[in-house]
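Trainee: Got a minute to go through a structure with me? I'd like to talk over the contacts and the surface.
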Amino acid sequence: MKEIIAKYIKPVLKDKPLLGLFIVNAVVFLIIAIFLLINIPHSEVQVITRYNSYSITSFYRDHWYFLLNYIFLGLVILVGHSVIAVKLVKLERRDLAIALLCLTIILLALLLVFAKSIMAIAALG
């Protein structure tokens, strides 16, 4: 198992731009996670956690810790895309791995925008 992990990680550690993208992705995730942890409204009553314009009830309420799922989603995106990028490097598709890691930064930024807007709605209710 140790040899398999070393076989996959070694090419990534030798490639400085690719390693830099992995580090940038991790830092962006940490900044987003800290920002969301600070801004989640803690309340004893249920807060608005979802909005849907297609049903009778537009606002759905749940406990405040439901909003922590946005941080978990960011972690899943980060880990999943990093594993796929490592696999792409192993398959000698470095350019595709770099594109995937750049798109991961954009996807994490979109996650922050959506989570911030949901938390703004949650603060109303």
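Mentor: Sure, let's take helix packing, then salt bridges, then the surface and a few single residues. Keep in mind that this is a predicted model.

Trainee: Okay, helices. At what angle do α2 and α4 pack?

Mentor: About 10 degrees, and the axes of the two helices are 10 Å apart. Helix α2 covers residues 16-39, and α4 runs over residues 94-124.

Trainee: So what do we call that, roughly parallel or roughly antiparallel?

Mentor: Roughly parallel, because the angle of about 10 degrees is under the 35 degrees used as the cut-off.

Trainee: And how do the residues of that contact divide into nonpolar, polar and charged?

Mentor: The contact of α2 with α4 has 20 nonpolar residues, 3 polar ones and 2 charged ones.

Trainee: Switching to charges. How many salt bridges are there?

Mentor: The count is 2 salt bridges. One of them pairs the side chains of Arg 94 and Asp 15, at 2.4 Å from N to O. Arg 94 sits in helix α4, while Asp 15 is in the loop between α1 (2-14) and α2, so this pair ties together parts that are 79 residues apart in sequence.

Trainee: Which of those two is buried, Arg 94 or Asp 15?

Mentor: Asp 15 is, with a relative accessible area of 16%. Arg 94 comes out at 37%, which makes it partly exposed.

Trainee: What about a partner for Arg 93?

Mentor: Arg 93 forms a salt bridge with Asp 95, and the closest N and O atoms are 4.0 Å apart. The cut-off is within 4 Å, so that value matters here. Arg 93 is partly exposed at 41% relative accessibility, and Asp 95 is exposed at 53%.

Trainee: Why would such side chains pair at all?

Mentor: In general, side chains of opposite charge can pair when their charged atoms come close.

Trainee: There's Glu 92 too. What's its phi?

Mentor: Glu 92 has a positive phi of about 65 degrees, although it is not a glycine. Glu 92 lies in the loop between α3 (69-90) and α4, and is exposed, with a relative accessible area of 72%.

Trainee: On to the surface. Which residues form the nonpolar patch?

Mentor: Leu 103, Ile 106, Leu 107, Leu 110, Val 113 and Phe 114 form it, with about 570 Å² of accessible area together. Phe 114 lies in helix α4 and counts as exposed because its relative accessible area is 53%, over the 50% cut-off.

Trainee: Last topic, strand β2. Where does Tyr 60 sit, and how exposed is Tyr 60?

Mentor: Tyr 60 is in strand β2, which spans residues 59-62. Tyr 60 is partly exposed, with a relative accessible area of 25%. The C-alpha atoms of Tyr 60 and Met 119 are separated by 13 Å, and the two residues are 59 apart along the chain.

Trainee: And Asp 62, what separation do we have from Ser 82?

Mentor: 32 Å between the C-alpha atoms of Asp 62 and Ser 82, which are 20 residues apart along the chain. Asp 62 also lies in strand β2, and is partly exposed at 26% relative accessible area.

Trainee: Thanks, that covers my list.

Note on methods: Residues are numbered from 1 along each chain as its sequence is written. This is a predicted model: local features need pLDDT of at least 70, side-chain atom pairs count only at pLDDT 80 or more; totals for chains, interfaces and linings use all residues. Side-chain values use heavy atoms; hydrogens and water are left out. Patches are made of residues with over 30% relative accessible area and no salt bridge: like charges are joined within 9 Å, nonpolar side chains (Val, Leu, Ile, Met, Phe, Trp, Tyr) within 5 Å. Accessible areas come from the Shrake-Rupley method with a 1.4 Å probe; for residues, only the protein chains shown count as cover. Helices (H or I, at least four residues) and strands (E, at least two) are DSSP runs, numbered from the N terminus. Buried means under 20% relative accessible area, exposed over 50%, partly exposed in between (1.4 Å probe, protein chains only). Axes are lines fitted to C-alpha atoms, for helices over the stretch in contact, and angles run from 0 to 180 degrees between N-to-C directions. Ala, Val, Leu, Ile, Met, Phe, Trp, Tyr, Cys and Pro count as nonpolar, Asp, Glu, Lys and Arg as charged, and the others, Gly among them, as polar.
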